[in-house]
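Thanks for coming, everyone. I'll keep this quick and walk through a handful of local features. Please have the viewer open.

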Amino acid sequence: MPTRLWRAALDMGLRKKVAIVFIGMLTLAALNLGLLHRMLQEFNGVAATATVAGKMRMLGQKLAYETLSVSSGLSDDYEALEHDLIDFEAAYLVLRSGGTAFNEVVHPLAADHDVALGAVWLAWRQYRNQIRSILTSVGQVSPSVVVEQQKTLATASAALLEQTDHLIQDLLGATQATQQDMLGRMYTLLVVNSLILIAAYLAMSAQIVTPLQRLARYCRELAKGRYGQRIQHKPQDEIGQLTRALNESSAQIGELMSAIEHERKELYRTSAMFRGLARNAVTGVFVVDGDMRFRYVNSKLAQMFGYQPDEMASNLTVPDLLVEADLNGGRWQRSTGEDGQRSNGSATSHYETRARHRDGSFLDLEIFASRMVLDGAPAIIGIALNVTERKKAEASIRRAALVYANTSEAVVVTDPNGIVVDINPAFTAITGYAAQEVIGQPISLLSSGRQDAAFYQAMWRSLLETGKWSGDIWNRRKDGTEYAERLTIDTSYNEDGTVNCRIGVFSDVTAERLKEETVWHQANFDHLTALPNRQMFHDELQRAMEQADKADHSLALIYLDLDLFKEVNDSLGHDMGDELLKQVAKRLQQAIRGDDLVARLGGDEFVLILNHVKDLKHVEEVCHRVLKAVAEPYMLRHNVATVSASLGVTQYPHDGSNVVELLQNADLAMYSAKDAGRNQYRHFSPLMQQEAQERRELLRHLMRAVEHEEFELYFQPIVELSTRKISKAEALIRWHHPERGLVSPADFIPLAEDSGLIVPIGDWVFRQAAVQAAKWRRYLGRDFQISVNVSPEQFMSEELEPASWLAYVNSLGMSGAAVVVEITERVLMKVEDDVKRKLLSFRDAGVQVALDDFGTGYSSLAYLKRFDIDFIKIDQLFVRNITTDADDLALCQAMIAMAHRLGLKVVAEGVSDETQHALLAQAGCDYAQGFLYSRPVPVAAFEQLMEQGLSAASQHSVTLN
């Protein structure tokens, strides 16, 4: 029975053998871990016991101290003393019987420690009784008795300490013994593990490594051609199976080599029979066996095909030379007998066929063949005549008839491979090539390169399947000019169905095609940048989506909008803006791959289609390249301009299923990039749709707010720096939303500008500010002014008419000097006549104009000289850091000095501390506003502020919105 089990183990597969060794190793590791765990538990138990004994010793000393304190009157904590007594006895019981003491789990002590434990218990009883005697007599005995009790207690404490030390020494000895025992067991375990590992190695070596080495040596012997050797491997595993396969292969190869040698000798004997046959014949002579192999060819036949006689006899067969159609037509089968069997007759056959010359050209042959029996097997002996020239002459007659039948258009005749055979005069007239220049050349000589490989593949596929093709194609004349031809190709076949030639008939339709291309180009390409326009972009995106569906891959759509392009267009003119757009288009084309697409939707908006997107990494690399390329400076004649781009990215089919959805999603992502600070990209997320919906909802509520006048004006004081007197105020709008509460202008003013609602809102602000100015000027003086911010979109709107505003101000009994119109530099950049007219109207009516956010725009000095500006307001960006940044302080000083030289007043925005106030006053600044004086406050709070003066400003700046 053991022998049978041993054989079964040997016959196991290699995977099972390795698995058994692996499982054995895992089992050994598990046993090792279990044993180590058990030893650690034993050691931890001994250590815990020693710890409890040590704490009992300390507790005994503590009880003596606490008892002395109580007996001396220094303490009355009887409860703590009682707890300690209980803890000592509980610890002793744990040592005796096992359990938990002092958070240590302890096993019962062995019998070896009973003597020490008993001594501790006797000492403890005396010690405990003495403690209780002292406690019961506190305050009832004389001091001398107390002293005696304390001495007795000290003696009992020393006795307990001594017995406890003896117990601890016993435990330490047990601990050392446990350590020695554990160390011995670990060494034993190491030896056992080593023996097991050595046994596993020896088993693996005997069962796998050594057999494989023997197989390797055997394979090297086979490679040397020693096929008679064999190898033995008794186990029936994979190595045994491989051994048997190699032995069988070796035997078969040996037999095959013997058969080959025998066949070689037979062939040599057969070929020797025909060496003297017709060596000087003027025709080709051949002998072919039943397998269509050449048994003999003479020099003439070999010369006819461009080979050496021995080369044809040793390397070529009839199929290697004959045209496939002739071979499949069965002529050689019929010449060797219908059934291919042995024939005793000597029937002959005569026919024509086509064969290939060594250089690939075709030969027309006339064959005279006879069937015969050679060495008991069917064979063919015959002669071959080359009739190629005769066949060419016949074909030339047919081609001539076709050519002259179509003399009204250009005609070209090619062979089946596209080599020009003949042309007519019209061909020369259109292409410029004479017959001697193109005959023998491939028809691709005319190719212009406009059509790609797929176009010609489709053409040849049609010719091979139907023999016909027609369509328009662009080719090149001899002088290099391109022309469009309307081409029709037909195929002429031989009697056996093979292609004789192809006839192309074409006419010049260049003018017609150029006209069509011009119309198509105008309809599909942007006239400025030559990029695909919106129409072509939609078509290309739809096509790219369909291809992505077929190939099961993704594509990405990037929506690009230029940042600050409007400022460049307004400051440098539309011509320079157009030039910038052309340069942007070129940079975008250089930033993408060849199979991607850039299109211009209009204005400064572009889109990019990225095909075959495998992961987001590629998309983000393109975004980074685009951002970097667009941000490079642009040389526009004598000016240098800089813009950036905001990109929105969406993917198909992940983000949308059609063109409209993808474009909307990319547009939302682009606006998200703009809101995030521009010059960056954002990927589309469903949250953007939600934000767009909220934006549309907010716009709807804003329209309702305009209708129901849900707005309120807040006012921020503008003070004279020299006197700290409030002399002006800036009107700032707030929206009291019925559901959201107070909405910041930063949340709804951009929306109002985009939607056009800024015009009615701005009109309401101006009229409300004018009413308040009339009220406050009556008791604050006629010099008090209110500043009103006018958005560029509002100022440039046709609905804003200064005459209407001025008439309203006059109807309140005020002059135009009561209000100050604050505009930004964007308004001045629009140099249209309407902008100039409005500014002149305000100037003529005495309305002062302030240039807000001064220092953050383009070419401010030029605008100050060209237009009547009364105030400049230094942007808080510069004021904020004047106490820490010397450059900002110098800029503020320079702007103040420059404004005063031009006769302008200066208002500093964003003043938040006294140091800024002092520096601006020292620099000669006229006015200031900021949180140092007050935040924007409602009308009532502003009136209270004017009554109390700026002493209440700090309170307002903290408590009011």
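Start at Phe-455. Its relative accessibility is 25%, so Phe-455 counts as partly exposed. Keep in mind that this is a predicted model. The neighbour in sequence, Tyr-456, is partly exposed too, with a relative accessible area of 23%. Buried would need under 20%.

Now look at those two rings together. Phe-455 and Tyr-456 form an aromatic pair. The geometry is edge-to-face, with 5.4 Å centre to centre and 90° between the planes.

Next pair: Phe-711 and Trp-764. Here the centres are 5.9 Å apart and the planes make an angle of 50°, which is classed as tilted. This pair links distant parts of the chain. Phe-711 sits in strand E20, residues 711–720. Trp-764 sits in helix H24, residues 758–780. The two are 53 residues apart.

Are Phe-711 and Trp-764 buried or exposed? Both are buried. They also belong to one aromatic cluster, together with Trp-735 and Phe-748. Across the structure, there are 16 aromatic pairs.

On to the backbone. Most residues other than glycine have a negative phi, and most peptide bonds are trans. So where are the departures? I have three for you.

One is the peptide bond from Tyr-652 to Pro-653. That bond is cis, with omega near 10°. Pro-653 lies in the loop between strand E18 (644–652) and helix H21 (659–675).

Another is Asn-679, with a positive phi near 55°. Find Asn-679 in the loop between H21 and strand E19, residues 680–683. Its relative accessibility is 39%, so Asn-679 counts as partly exposed.

Then there is Glu-709. Not a glycine, yet phi is positive, about 50°. Glu-709 is in the loop between helix H22 (686–708) and E20.

Now the sheets. I'll show two of them.

In one, 5 strands form an open sheet. The order is E4-E3-E7-E6-E5, and the pairing is antiparallel. Which strands stand at the edges? Strand E4 (294–297) and strand E5 (348–356) do. Each has a single partner strand, so one side of each is left without a neighbour in the sheet. From one strand to the next, the twist averages 30°.

Zoom in on E6 and E7. Strand E6 covers residues 362–374 and strand E7 covers 377–386. They pair in the antiparallel sense over 10 bridges. For a landmark, take Ile-367: its bridge partner in E7 is Ala-384.

The other open sheet also has 5 strands, in the order E9-E8-E12-E11-E10. Pairing is antiparallel here as well. Strand E9 (420–423) and strand E10 (469–476) are the edge strands, each pairing on one side only. The twist averages 30° from one strand to the next.

How many bridges join strand E8 and E9? The count is 3, in the antiparallel sense, with E8 spanning residues 410–414. Val-412 has Ile-423 as its bridge partner in E9.

Last stop, the surface. Ile-253, Leu-256, Met-257 and Ile-260 form a nonpolar patch there. Together they have about 350 Å² of accessible area. Ile-253 is in helix H6, residues 238–272. With 35% relative accessibility, Ile-253 counts as partly exposed. A patch residue needs over 30%, so Ile-253 passes that cut-off.

That's my tour. Questions, please.

Methods:
Residues are numbered from 1 along each chain as its sequence is written. This is a predicted model: local features need pLDDT of at least 70, side-chain atom pairs count only at pLDDT 80 or more; totals for chains, interfaces and linings use all residues. Side-chain values use heavy atoms; hydrogens and water are left out. Patches are made of residues with over 30% relative accessible area and no salt bridge: like charges are joined within 9 Å, nonpolar side chains (Val, Leu, Ile, Met, Phe, Trp, Tyr) within 5 Å. Accessible areas come from the Shrake-Rupley method with a 1.4 Å probe; for residues, only the protein chains shown count as cover. A salt bridge is a side-chain nitrogen of Lys or Arg within 4 Å of a carboxyl oxygen of Asp or Glu. Helices (H or I, at least four residues) and strands (E, at least two) are DSSP runs, numbered from the N terminus. Buried means under 20% relative accessible area, exposed over 50%, partly exposed in between (1.4 Å probe, protein chains only). Two strands pair if DSSP finds at least two bridges between them. Axes are lines fitted to C-alpha atoms, for helices over the stretch in contact, and angles run from 0 to 180 degrees between N-to-C directions. Rings of Phe, Tyr and Trp (its six-membered ring) pair if their centres lie within 6.5 Å; planes under 30 degrees apart count as stacked, over 60 as edge-to-face and the rest as tilted.
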